[in-house]
Each structure stands twice: as C-alpha cells, then as structure tokens.
Amino acid sequence: MMKLVLLFIVVFAVIFWVISAYNGLIALKNQTLNAWKQIDVQLKRRYDLIPNLVNTVKGSMEFEKETLEAVVSARSRAMQVAAGAGPTSGHVKELAAAETALTGAVGRFFAVMENYPTLRSSENIKSLQEELATTENKVAFARQFYNDVATKYNTKQQQFPTNMVAGLAKATPAELWEIEDAAERENVKVDLSMGKKPQG
Amino acid sequence: MAEDATLNLLEQQEKNRRQTTIWMVAFILFFAWIGFGGDLVLYLGSKDAYGTAHYRVPWVGIVVTTIAAVVTWNAWRRGPRQLLAAAGAREITDPTTQEERTLVNVVEEMAIAGGLPRPKIYIIEDDDPNAFATGHGPESASVAVTRGLLTTLNREELQGVVGHEMAHVRNLDVRLMTTIAALAGVIVLLSDLLGRSFRHGGVRVGGGRRGRGGGGALVLVVLVLWVITLILAPLIVRLMAMAVSRNREYLADATGAELTRNPGALASALQKIEGAHAPTKSIAKSTAQLCIADPLGRAVNAKEGAMANLFGTHPPMPKRLARLRGMAFQAAKAAGELPAQR
C-alpha cells in the first residue's frame, strides 16, 4: 500500500514536471516569435519611410542620383530577404547583412545631404530624419531584445533535463541576429540625428 | 550592492515583489500595534480595584485598522495620478513639436529594448532638468520628464535618462515605491490624528481614579512605548523609504545601461543634470525618491559619508558617475575600442 502511494507520488511529480517544462518552452518560443515580430514591425516601418524621404529630396538632389539609387536598391534587397527570414526559417544572417547595407546607404545619403543646407534645414526633412533615426534605434533595440530572448530559449532547450521535452514541444534553436565584423558593427552606429540636440 | 547589479531581471523583480510583501506585513503589524496597543493601554487603565476591566471593545484598533486600510488602498490606487497632477504634468498623446516627438520616440525605443508596453508619457513645464517614473507596474506605468531635460540633453543622453526610468518600471521599483509612499502617507496621518486625540483623551487614561492596581506600572510602560512609536514612526518610515530608494538608483542606472548599452550617455546626462543645480520647483518633496536626481538639489545627495548614507534619497552623484564610467570602460574594452590593458 505504502509503495503504491509512493509510486503514485513519483509518477505525478514526473508528469507535473513534464507539463511545466513543456509549458515553459512553449512560453519562451512564443516570446521569441513575438520579439521577432517586433523587429519585423520596425523593419517594415523603415521600408515605408525611405520612399518618403527619397521623394522629398529627389527634386533638390538631382546630382546625387547614385546615392539615392543605392538607398532604393538596398531597400528592395532588404525587403526581399526579410520576406523569407524568421527565427526558425533561416536567412537571419542574410537579412542582417542586407539591413546593415541599407543602414550604410542611408547613412551615406545623410552624409551627402550635409552639402545641401537648405534641404537639411527644412522642417519636413528634419522630421523624416528623426523618424528614420528612431526607427533605426528601434530596429537595433528590438534586435537586442530578440537576441536576449532567443538565447534564453536556445539555452533552455539544450539544457538538461529540459532538453528531453524539447522534441515534444517542437522546440528548435532560433537563429540569432548577429553582426559579423567590426566594420559592419561600426556602420550601424551611423548617427542619423546629425544635430547635437533633438532640436534647437 | 555592486553584486546586485548583476542580478538578472527575474531575480530583481522577485526581490522587489518580496520586499513589497515585507513592507506590507511590517506596516500591518505596525498598524496593529498602533491600534490595538492603544486599546491595551485603555484596557489596562480601565481596570478597577477588583481587576475587572471596563473597556471591552477595542475601538481604537478597529477604527485605526479601518482608516488605514481605506486610506492606504485609496492612496495606492490614486497615488501615481495625484503625483503627476501635483507636478503639473501634461500627458503627450499627440506630439506637436519636434522636441516632443523625439521624446515619444526615445520612450518607445526604450520600451522596445525592455520588451515592455509603451508607458504614458508626460511633460512638466519646468526649466530644471529632471525625470521620474511612477505607476503600479509595467502595464500602467507613466514616465514624466521636465521641459528642461529636453532642452539640456542631446538625444543619446535623453535616451540614457529614459532608459533609467524604464528600468524602474521593468524592475517593478515603481510598484514598490507607490506602495511605500501610500503606507508612509497613512503613517504620518495616523500619528498626527492619534497624537492629537491622545492629548485630549490622554488625561483621562493617566488620571483614572481606579487605575492604581497591579497594572499601573505595566500601563505606564505600554503607554510610553506606544507614544514613542507614534512619535518616531514618521521619521523611521522616511528613513526606510530613502534607504530603499537609494538602493534602487544604482540598480536602475545599471539596468538602464543594459537597455541602452550606452552607460556613458547616462553619465554625461547625470553630470548635466547635476550641473543645472537649481531645484525642480514643480516636483514636491514627497516625489524626491522617484526622480532621476534629487529635485531639491540638497547638498546631502551630492556628498559622500554617513549623513548621505542615512538621509539622501539618492546615492552620491560621484559614486553613480564612477560606476557608470566603469561600465562604459568595460563595454569599450569588450568591443575592442581600447587597447587591452593588463
């Protein structure tokens, strides 16, 4: 009798643990996906902002066709890659590279715009610039948050004993958003705000 | 305290939850003592020569408990809103100027970095740079900054300050501080109320005709203890609230830097805020422990030493700056921007 009770307790404890480990993994998985969605939202915002910017300056920056075209093509390239990228569907590395390229192109564009004082001081451009700067930051912070959550998720599914229920929860490692070399990392830091202060 | 900075988020939140509970329990015990201790005095004092007490129903305890519960609940619920109203804060729902838009953007950035919902954003029309966060938790948090902060700091520094405030939100500091503020308010109210009614009714207790029995000495001891607690309570509560607040500032600095990955920006922001020096007039004394820097510009928060350790709402500025610079140095070294030193 005593043994039976003990057996029951052990079985229940194991079942309870499996359920909680499973739920923990599912929760982390959803957090990871959610964090990715946040990146996605910000990337889309950026893709939407760029045509605005290009259209606003097109007339006044006739001579800088190349710079403008570089931005436009970097944007469409990034959009293409973004469509197929995801934490488990791969292509995160390509997306990271494409986004870095886009950031670089936008940065060069703003550097060139330094030569157009009237353009630079227009209210419209200023607010577009702030919008782009914040979107840039939001992408970076969303990425940072995603990497943190995804790392937690990955660690959890590899750790013993949670790894035993990883298959049950269909948990597969999420791909981190990493920036390869120092030069690329430098590019991300391009200061789009240009001015010393938010305003005035 | 330095080790505390490395605690992870969950541990930090757990610690704050635990501390909130401890505070609640301590205050409940305290209220019980204030209330039923008073009854004890009355009970002992009402014993006649035969040892029969005439004071049966613990009215003081019942009244104090009821008042404390109602007032605390009310203060806790309405505290954040009252705080913002008292500071003259105006919510930004639709940013009109570039400055306000930048603020909204920076707050959104930090909310994303912390994986939190976007808090409500308020502006206080005051030229002195300062900021605070309040609320009951991440879902109902508010961040308020002064106009002066927006004009004094550049974007990165503003981000540092907002990151610090979002850290208060994320670590659940806002909930702890709202709780403490509510409880502290009640304590002050009660000790005032009871002290006054005691001065009127006290004569009756002490000068009772019958109270000379065996309980006499005991009455006196309990009475003295009771009065002492009543007098010291507001002071003790303040000191404890300050200690909690001081501790939280280092942590928020560290967590904020973790969000922005830019401790240097917060350091330079703090230095500018410190340099402005003028007291933030719109922010009341009671809000001091919530601000990024002491709004009263009290000298005690600027110095190090025993006084600052006891009475400051914030850690000494030089210490905060030193810690942040240390973090910045470590980060730069890790990123290979500095020659490795041995």
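What follows is a short conversation about reading this predicted model.

Biologist: What kind of model is this, and how are things labelled?

Modeller: It is a predicted model, where local features need pLDDT of at least 70, side-chain atom pairs count only at pLDDT 80 or more, and totals for chains, interfaces and linings use all residues. Residues are numbered from 1 along each chain as its sequence is written, chains are lettered from A and ligands numbered from 1 in the order in which they are written, and side-chain values use heavy atoms, leaving out hydrogens and water.

Biologist: How many helices and strands does each chain have?

Modeller: Helices (H or I, at least four residues) and strands (E, at least two) are DSSP runs, numbered from the N terminus. Chain A has seven helices and zero strands, while chain B has ten helices and four strands. Going from the N terminus, chain B reads α-α-β-α-β-β-β-α-α-α-α-α-α-α.

Biologist: What does pLDDT say about chain A?

Modeller: pLDDT is the predictor's confidence in each residue, from 0 to 100. Chain A averages 83, with 88% of the residues at 70 or above. Among its elements, α1(A) has the highest mean, 91, and helix α7 (residues 182–188) of chain A the lowest, 46. Over residues 182–200 of chain A the pLDDT is below 50, though this stretch has 37 contacts (heavy atoms within 4.5 Å) beyond near neighbours in sequence. Where pLDDT is low, don't read the predicted coordinates in detail.

Biologist: How much of each chain is buried?

Modeller: Buried means under 20% relative accessible area, exposed over 50%, and partly exposed in between, with a 1.4 Å probe and protein chains only. That covers 41% of the 200 residues in chain A and 49% of the 342 in chain B.

Biologist: Which residues have the most contacts inside the largest nonpolar core?

Modeller: A nonpolar core is a set of buried Ala, Val, Leu, Ile, Met, Phe, Trp, Tyr and Cys residues joined through side-chain atoms within 4.5 Å. The largest one here has 86 residues, and L95(A), W177(A), L103(B) and V161(B) have the most contacts inside it. Helix α1 (residues 2–58) of chain A gives the largest share, 13 residues. A second, separate core has 22 residues, including F27(B) and V244(B).

Biologist: What does L103(B) touch?

Modeller: Leaving aside residues up to four places away in sequence, its partners include I92(B), I121(B), V145(B) and L158(B).

Biologist: Is M240(B) buried, exposed or partly exposed?

Modeller: M240(B) is partly exposed, with a relative accessible area of 43%. This residue lies in helix α7 (residues 216–260) of chain B.
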